[in-house]
Structures are given as structure tokens and as C-alpha cells.
Amino acid sequence: MTPTRKRRLHLNVQSSYPGHPAGWRTEEGRRLPGEDIAHIQAVARVAEKALFNTVFLADSPSMTDTGEAPTRSLDPVVLLAAAALATERVGFILTASTTFTHPYNLARQILSLEQLSKGRFAWNIVTTTDERASGNFGMSKMPPPAERYAIAADFTDAFVKLCDSWEDAALTGDPQTGVWADISRIHAIDHKGPYFSISGPMQVPRSPQGRPMLVQAGSSPIGRDFAARYADAVFTVQTVREEAIAYYSDVKSRIRGRGRDPDKVAILPGLSLVMGGTEKEAHARLDWLDQIANDRSTLETFANSLGLEACDLDYDKPFPEHLLASVEEGDWLRRSTGHNQAKLRLLKEPTLTVRQIIARGSGGHFRLVGTPEQVADFMEDWADAGAADGFNLFLDVYPSGLASFAEHVVPILQRRGRHRTEYEGPTLRDHFGLERPANRLISNPRDLTPSS
Ligand SMILES: Cc1cc2nc3c(=O)[nH]c(=O)nc-3n(C[C@H](O)[C@H](O)[C@H](O)COP(=O)(O)O)c2cc1C
């Protein structure tokens, strides 16, 4: 029997906030608002040294934070431009909302980043789940999820056309002939969708990697369909191995159903890590971080986020069962379906105390506390079981947790044939093993050359 080739993992690091809520309160993880640019550049450099596919920045156009952790403040376009200039190979995933931006503006921004980085960008397509964002854009409330996804589809169709409005050879820049751009190779898009009408063409040349990659995170049926239709990579929250396998298989079959190759779409569950040289050390590190996280204000914040008072909860007891109904019915479940399910699962878990729930970030991605070998074993197991093509990693403290992953886990994965030993090429699509996409507009171009 021929042994099946071990598949390499796609590694992405989430860089917006530490995987442990106390990460930013440690000496090594402390960052001040003015230092955000230096912080993201430091994270990107470590990720590049560790030969990661991508660095991901989450975002929402609203002040969503409680004041308990560093805010998402600076514009991700600015932050990731700075990070791209500090690196040469690693890719970046920029989050932008289809509810609160316009396809033309976003395409111009991302295509500009593509030029600046020489083809290392992906767009994380979000519809935004935070209700507060609507007040920042003259809306009395957020459109319902189905409409947000309909807007997102129209937005993405227009975005892709704008990315393709220049043929690859359109930019000539020929000083001899004086022809800067061959206008016959630049095309209007004439997009007329239910939400957006855009004539085009885009004013920025085609991306060095053909088109920026598209990333999406949707757990609801409509979200999964959206991912199957558009995404080159999919983020997901999975806390139970069997459910992760079921999700993986469902999304892959939806991709197949769309006539796309499921092997060309990477599914990346989140994985939150606390590591130590031995299991004991890893747990001691978690205890240390938990101690920092669990002061009174943290309990209050946690309780308030669920519509409760601190006195309703006991740190060292499980979440009270009789409060679950009010939490489920309350309007606190504003985040994604996947996040909501993960959070409820934690609250319902009788073996976890409130202290432990808070230490896990109050609901979210799978938390693994262990040695570098255990981390590598876990990643291999999920990949081989058909639960993951790679991971969206959350390190407890940045950038030191990431540096520790680079130093201790990466060599193990490389020895096991699960991680690259050098970048395959210069663009982000190269890192994901994706071909340069054909220009979809050229099959039906409308020449811009004046007819007279
Ligand atoms: C790993 C992950 C990261 C996400 N990042 C963002 C983000 O940065 N901004 C945002 O508005 N939504 C973010 N989301 C939410 C999703 O984009 C999406 O809106 C949400 O999953 C709703 O779809 P669903 O109900 O189909 O799951 C994220 C979701 C996941 C799982």
C-alpha cells in the first residue's frame, strides 16, 4: 500500500488580541496604543521567520471593546501596510465589512496593498455582527443576516470584477512610446447588482498574484454557502473534534456542489495555545495568566456581558444552570453563529468553573495547554482526521508566544513534513498552493477604446 503523502498545514496567526485575556497585562505582552504599528510589525516579522502563510487582523468599524483589553483602534489598512513593508514574504488577511464600505473604495485599498506587498494580501469578507456599527453609518439598526449576506454577495461580485478590470499586460510604462497604460486592455465592469452599480474600471492595475485571496468565516447554513461560493480560505470556531470533522466535510461538499475544487479551499479552525516545556510548565503558565485575569473587574465585565451581575456568579463554581435560559434569550449573542455556539458550550460545561471559562477568553476557539509535541500531535491529528487544512492560531501573549511557537513547534512540524522549510514563491497564492486566477472579465471584455 502506498503511504498517503502527509499534507502540509496552512498556518495563520491572529494578531488583533492575545489568545489569553491577560496576555496584554504581562510585561512581555504589554503594548501601548501608540505602539500598535511596532507591535504588528514585530508579530509579522516573527510569523515570516516561522514561514507562516498569513498574519490576520480582525476588525469592526465600531468601538466594541469594554475597556478591559487593547482596542481595535488603528485602521487595518494602515496597520497592515506598515506590516507588509516590514516583511517580504508572509501574507496578510485584512478584514473589511461589506455592510459599511463600498466595493470601489475597498478594491482600491486592497489593490494598492497588493502593489505595495507584491501580491501578499487576502480580504476577510465580513458582514459585521456588532450592532453598534450601524449607528456610525446613519442606520437605525443592522440589516438582518440574510440581507447582509445578499449585500455581501453583490459586493464581492463587484469587488472581483474591479480586481479584474485591468488585464495583466495593461500597464506598459513605456517611456519610448510614451504609452503608460494600454487603454484597450483596461475594461469597464458595468456592474449592476441589487445593491451596487459600478461602472469601473478600477484605477489600480491588476494584482501581482492575479487577484487578492478571499477569506470568509460563516457557520450558519447561509454563511457556509457563501464560503463555498467565494472563499479561498475559511475561518471557523470548532471546539469538538467530531463537530469539526462534520463542519469540514459539510463545507467541502458545498464547495464541490458549487463546481469548485475542495482541495483549493483551506479550512482553518481556530486554535488557542498556552505552551510550556513540560505539561506541568504549560499548566503553571496558564495558572499564572489566570491569576492575572481573574480580578474583580474581570468577573464584573464577564457577568455584564451576559446581562448579569457579578454577585450572580461564583468564581469557583460552574456557570449556574438556571441562568442559561436568560443568557440564551438575551441580546448578548451578537457574534457569529460559531462563536455563539462555542460560548454556550463553555457555559453549559459542568466541569468548568467560571474562573476557567473567563480564562479561556469567555468562549471561543479550542484551547490547548501543553508541550510543543502535544501541539504538533493535535494539529496532525485534526488534519489527518479531516477536520482541518491548517489553523488560525491564537497565542497567549504576543509576540513572545508566537516566537515560542516558531522556536519549538515549527521544527517539529517541519521534521514531520507538515510545514514548509522555505516559501514556495513570492505571493500569498503561492503559499496556499493556488494558481494565479484567470481574468474573468476578459472572456467578455468591453473595450474602453473610444469607438470613433
Ligand atoms: C475566526 C473568525 C474571525 C472573525 N473575524 C471577524 C472580524 O474581524 N470582524 C467581523 O465583523 N466579524 C468577524 N467574524 C464573524 C464572521 O465574519 C461572520 O460575520 C459571522 O461568522 C456570521 O456568520 P455566521 O452567523 O454564518 O457564522 C469572524 C468569525 C470567525 C469565526
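Helices here are DSSP runs of H or I with at least four residues, strands are runs of E with at least two, and both are numbered from the N terminus. We're working on a predicted model, where local features need pLDDT of at least 70, side-chain atom pairs count only at pLDDT 80 or more, and totals for chains, interfaces and linings use all residues. Residues are numbered from 1 along each chain as its sequence is written, and side-chain values use heavy atoms, with hydrogens and water left out.

**Exercise 1. Get the overall picture of the fold.**

Step 1: take stock of the elements. The protein has 15 helices and 13 strands.

Step 2: check the compactness. The radius of gyration, taken over C-alpha atoms, is 23 Å, and the globule rule gives 22 Å for 452 residues, so the protein is as compact as a globular protein of that length. That rule is 2.2 Å times the number of residues to the power 0.38. Along the principal axes, the C-alpha trace spans about 80 × 55 × 50 Å.

Step 3: look at burial and contacts. Buried residues (under 20% relative accessible area, with exposed over 50% and partly exposed in between, using a 1.4 Å probe and protein chains only) make up 54% of the 452. Count contacts (heavy atoms within 4.5 Å) with a separation of 6 or more, and 77% of them join residues 24 or more positions apart.

**Exercise 2. Find out how F155 and F196 meet.**

Step 1: set the rule. Rings of Phe, Tyr and Trp (its six-membered ring) pair if their centres lie within 6.5 Å; planes under 30 degrees apart are stacked, over 60 edge-to-face, and the rest tilted. The structure holds 14 such aromatic pairs.

Step 2: apply it. F155 and F196 sit 5.5 Å centre to centre with 85° between the planes, an edge-to-face pair.

Step 3: place the partners. F155 belongs to helix α5 (residues 145-163) and F196 to the loop between β7 (191-192) and β8 (197-198), so to speak a link between distant parts of the chain, 41 residues apart.

Step 4: check burial and company. F155 is buried at 0% relative accessibility, and F196 is buried too, at 10%. Both rings belong to one aromatic cluster with W123 and F159.

**Exercise 3. Classify the F366 and F378 pair.**

Step 1: the ring centres are 4.8 Å apart and the planes stand at 40°, so this pair is tilted.

Step 2: F366 lies in strand β12 (residues 366-370) and F378 in helix α13 (residues 372-384), so the pair ties together parts 12 residues apart in sequence.

Step 3: F378 has a relative accessible area of 12%, which makes it buried.

**Exercise 4. Hunt down the unusual backbone spots.**

Step 1: recall the background. Most residues other than glycine have a negative phi, and most peptide bonds are trans.

Step 2: pick out the cis bonds. The bond from G200 to P201 is cis, with omega near 0°, and P201 sits in the loop between β8 and β9 (213-216). Y398 to P399 is cis as well, with omega near -5°; P399 is in the loop between β13 (390-395) and α14 (400-415).

Step 3: pick out positive phi values. L51 has a phi of about 60° and lies in the loop between α1 (36-49) and β2 (54-57), where L51 is buried at 12% relative accessibility. D190 has phi near 45°, in the loop between β6 (179-181) and β7, and counts as partly exposed at 36%.
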